[in-house]
Amino acid sequence: MSTAGVIMYVRFVTPLIHPASRVETGFFRASWYLYRNGCPNWIQSELEDQFDWFNHHLPSPGRVGRHFKRRNSIWGVCWFNPDAREAISRARYCAWLIEEGGLPVRSITSSRQREVLWRDAHQIVAKPTADLPKAFV
């Protein structure tokens, strides 16, 4: 995941656009699509098991946005640190499950995270920028 010392963060996205951040929605938030539109019970069960693992092993980001009195809020997007191998492996499995349920999911990578709103050992929340990679055009 890193080339010549450059950290490549990874994110799993869908073609759905998040209303606050205005970028491709990540797989956690997009999983509602499957519940709303129906998918096989085995997919829902597997996703619940995986999401339970994430809830037990990854902290919920303490900050996903910045809010101001006189201008629009900034909403961050979550990226996995490349060293979070187990989390990324499970995210890939979740992406496959979501695709099996009918919603495309792609991975994108980026080394350019200018404004980090929150971080821990496994993930960062960063302000989306105009040059944010897009999986679905």
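1. In this predicted model, strand β7 runs into strand β8 by way of a hairpin, and three residues make up the connection between them. The two strands, β7 covering residues 116-119, are paired in the antiparallel sense over three bridges, and one point of register can be read from R119, whose bridge partner in β8 is I124.

2. Strand β8 also pairs with strand β5 (residues 77-80), again in the antiparallel sense, here over four bridges. For this pairing the register can be followed from V77, which has A126 of β8 as its bridge partner.

3. Which residues of β8 are buried on each of its faces? The strand, residues 123-126, is covered on both sides, with Q123 and V125 buried on one face and I124 and A126 buried on the other. Two of these residues thus reappear from the points above: I124 as the bridge partner of R119, and A126 as the bridge partner of V77.

4. Turning to the helices, the axes of α1 (residues 27-37) and α2 (residues 41-57) come within 12 Å of each other and cross at roughly 155°. Because angles over 145 degrees count as roughly antiparallel, α1 and α2 are therefore described as roughly antiparallel to each other, and their crossing is left-handed.

5. The contact between these helices is formed by F27, F28, S31, L34 and Y35 on the α1 side, which meet I43, Q44, L47, E48, F51 and F54 on the α2 side. Sorted by class, the contact of α1 with α2 consists of eight nonpolar, two polar and one charged residues.

Notes: Residues numbered from 1 in each chain as written. Predicted model: local features only at pLDDT ≥ 70, side-chain atom pairs only at ≥ 80, totals over all residues. Heavy atoms only, no water. Buried < 20%, exposed > 50% of the residue type's maximum accessible area, 1.4 Å probe, protein only. Pairing = 2+ DSSP bridges. Axes fitted to C-alpha atoms, helices over the stretch in contact; angles between N-to-C directions. Parallel < 35°, antiparallel > 145°, perpendicular 65-115°, else oblique. Left-handed = near helix turned anticlockwise from the far one by under 90°. Contact = heavy atoms within 4.5 Å. Nonpolar A, V, L, I, M, F, W, Y, C, P; charged D, E, K, R; others polar.
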